[in-house]
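Got the viewer open? Here's a walk through the model, one selection at a time.

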Amino acid sequence: MSYVALYRKFRPQTFSLVKGQEHVVRTLKNQIKNNRIGHAYLFTGTRGTGKTSVAKIFAKAVNCLNPMDGEPCNECEHCRSVAAGNFIDVVEIDAASNTGVDDIRRVIEEIQYTPVKGRYKVYIIDEAHMLTGNAANAFLKTLEEPPEYAIFILATTEPHKLPITILSRCQRYDFKRISVDTIAENLTYLLNSEQVEFEEKAVRYVARAADGSMRDSISLLDKCIAFNLGEKLTYENVLTTLGVVDTEIFSKMFRAIAGGDVITALSCIEETVDAGKDISQFVADFIMYLRNLLLVNVSGGVNKESLGISEENMKVLSEDAYLVDSNILMRYLRILSELMNQIRYSPTKQILLEIAVIKLARPQMETDTASLEDRIRQLEDKVKNGVTMALPVREARPSHPDIVRMDLEEEMDIPEMYYEPDYFEPEYEEFDIPEPDFPLPKPKRKTSAMDVLQEMAPTAAPAPATPAPATASGAGNAAAVCDQWQKILAGCSNRMMKSAFSRVSVAAEGNMVVIYPPGNTSYKQLKDDEAVQYIKSVIKEVTGYEVAIDVRMASQKAEIPNQADLASIFENINMTITTED
């Protein structure tokens, strides 16, 4: 007989041999013992947790000729026929291959016939979520009200894809992931049955690598036995066979990342790739290593049994867990989790892994809070260890070959200059100056530009303290109005007029005040009779003078500036004139 795979050879044949699913097994056994068998069951859970095996055991138990405490006897004709897969009343349907309406209609037609040998006609539909919508709808009525001798068992890993109408018609049983201890116990029993020597550490590692799947663990073990056929199953051989990396590499790589040593971290990746290890598996194992570090860092009281690791690995974890804070470890896990999604279908897995490791070791490449904390931690470690940070020295720019640079100190021979004050500084004799007998003239004083302009201006009568009544001649009224122009602007109640007149320059010509607007628009606005009458009224109200108003273009302004303009010019250049009293 040809070789049979271990997971088929050691498939459980009774409920008692099903590991890790006691809650399902107990319920089904009680139903069989008390004759409370349902007509539709839904088995859900991850791969390799025993869904199909339990369905076959249940089909044997309900048709067994000599059941014992809800268990099949595995000795009668029916049990042996079901185990061999040729019992006519137990039908296995692969829904992944039979997804159409016609396949379901065939089942509906066949179910009308009573069982040929057994008590029940059992239909085991594997991967039930692959049924099309039309097929599921055609199956609904039969699933809800089947004949009393019909039992449907639907097995699926994705129950959320099934219509709610099917879910509501079935008794649902969720198969849990199997623990590492349970898987290791079952593998130990299997190795003893196969008479294979092994190390406990190797079995534990295979159990962890199965990720809660009993079938996966047996398949991995079958592979390891074949690689070391006739030899002892050791931990090193398991690592070599499964293409995984030892924990020491993870510890070395983590310490390099925490210390910002990019070269060492990348060399760990290169060493792993050269050894032929799978990069996806390497990243997954490193994530698990960081997860264990985080648990130890946060709780501090996690034991090696709960983590499923050996005492040696627990010692390494305890040393590495407190090198960084938990926030930084969570940052590492976030970046590597994103990497797992990227490398799944990428042809450049090694490059993506190297980029991720550089990002881990150089937190300055990111700006989130965890990265900033990591940067601060690295700086504190460098200060604590006495490592000085040298600023990069910028190299001199290369000069153009056509430009000749000459060093003056080397090319030019400049003689030294000697300075001897005895030869150059004259000597002065000291003597006393007698006091003069005659009075000295008064010293000249500095006066401002306004003083000079006032002396140059014609003498005018001082302005009265109160507004003087209008006179017929109006001599000097225009000049007085120009001097009080700011006071006149303050008396303007019309804001628009006040703004227009505040930008002009004024000059006196006899009894006429000449207004020079700054532009054509202002000129047209102030030339209007209404504006002229308004400013006259304000002048009369503020100063008491009645003067004539003339509005002219700025180009018509006289070349010789008035006194106010001269004063402004002199003040701007900070000019003073010396006069004698």
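Before the first click, one term: two residues are in contact when they have heavy atoms within 4.5 Å of each other. With that in mind, select Phe286: setting aside neighbours within four places in sequence, this residue is in contact with Phe250, Met253, Phe254, Ile257 and Leu336. Keep in mind as you go that this is a predicted model.

**Zoom out for a moment**

Show the whole chain as a cartoon. You're looking at 28 helices and 10 strands. Of the 581 residues, 40% count as buried. Take the contacts between residues at least 6 apart in sequence: 74% of them join residues at least 24 apart.

Now colour by pLDDT. The average for the protein is 78, and 75% of the residues score at least 70. Then pick out residues 388-397, where the pLDDT is below 50; beyond near neighbours in sequence, this stretch has one contact in the model. Go to residues 577-581 as well: pLDDT stays under 50 there too, but the model has 11 contacts for this stretch beyond four places in sequence.

**The largest core**

Back to the surroundings of Phe286. Which residues have the most contacts inside the largest nonpolar core? They are Phe254, Phe286 and Leu290, in a core of 36 residues. To see where the core comes from, select α12 (247-258), α13 (262-274), α14 (279-299), α16 (311-320), α17 (326-343) and α18 (349-361); each supplies at least two of its residues. The largest share, 10 residues, comes from α14. In soluble globular proteins, nonpolar side chains tend to be buried together.

There's a second, separate core to visit, with 27 residues, including Leu526, Tyr534, Val542 and Val547.

**Helix α27, two faces**

Tyr534 is a good handle for the next stop, since it is one of the buried residues of α27. Select residues 529-543 to get the whole helix. Want to try the distance tool? The end C-alpha atoms are 21 Å apart, which agrees with the 21 Å that 15 residues should span at 1.5 Å a residue.

Show side chains for Ala531, Val532, Tyr534, Ile535, Val538, Ile539, Val542 and Thr543, which are buried. Now look down the axis of α27: the buried residues fall within an arc of 160°, so they line one face of the helix. What do they pack against? Select α23 (477-483), α24 (485-490), α25 (495-501), α26 (520-527) and β9 (548-551) to find out. Then turn to the face pointing away from the buried side, which carries the exposed residues Asp529, Glu530, Gln533 and Glu541.

**Helix α8 and its end**

Next, select residues 180-193, helix α8. This helix has 14 residues and reaches 20 Å from its first C-alpha to its last, close to the 20 Å expected at 1.5 Å a residue. Its buried residues are Ile183, Ala184, Asn186, Leu187, Thr188, Leu190 and Leu191. What covers them includes α1 (6-9), α9 (200-209) and α10 (214-227).

Stop at Asn186. Buried or exposed? Asn186 has a relative accessible area of 15%, and the cut-off for buried is under 20%, so it counts as buried. Not counting residues up to four places away in sequence, Asn186 touches Lys19, Met214 and Ile218.

Slide along to Ser193, also in α8. At 37% relative accessibility, Ser193 counts as partly exposed. Add Phe10 to the selection: the two C-alpha atoms are separated by 10.0 Å, although the residues are 183 apart along the chain.

**Positive phi**

Most residues other than glycine have a negative phi. Just after α8, Gln195 takes a positive phi of about 55°. Asp211, in the loop between α9 and α10, has a positive phi of about 55° although it is not a glycine. Asp211 is partly exposed, with a relative accessible area of 44%. Then go to Asp69, in the loop between α3 (51-63) and α4 (77-84); its phi is near 55°, again a positive value.

**Last stop: the cysteines**

How many disulfides does the structure hold? Zero. Select Cys64 and Cys73: the sulfur of Cys73 is the closest cysteine sulfur to that of Cys64, but at 3.3 Å it is too far for a bond. Cys79 and Cys76 tell a similar story, with sulfurs 3.4 Å apart, too far for a bond. Cys64 is buried at 10% relative accessible area, and Cys79 is buried at 2%.

Technical notes
Residues are numbered from 1 along each chain as its sequence is written. This is a predicted model: local features need pLDDT of at least 70, side-chain atom pairs count only at pLDDT 80 or more; totals for chains, interfaces and linings use all residues. Side-chain values use heavy atoms; hydrogens and water are left out. pLDDT is the predictor's confidence in each residue, from 0 to 100. A nonpolar core is a set of buried Ala, Val, Leu, Ile, Met, Phe, Trp, Tyr and Cys residues joined through side-chain atoms within 4.5 Å. Buried means under 20% relative accessible area, exposed over 50%, partly exposed in between (1.4 Å probe, protein chains only). Helices (H or I, at least four residues) and strands (E, at least two) are DSSP runs, numbered from the N terminus. A disulfide is a pair of cysteine sulfur atoms within 2.5 Å. The expected span of a helix is 1.5 Å times one less than its number of residues. The arc is that of the directions from the helix axis to the C-beta atoms.
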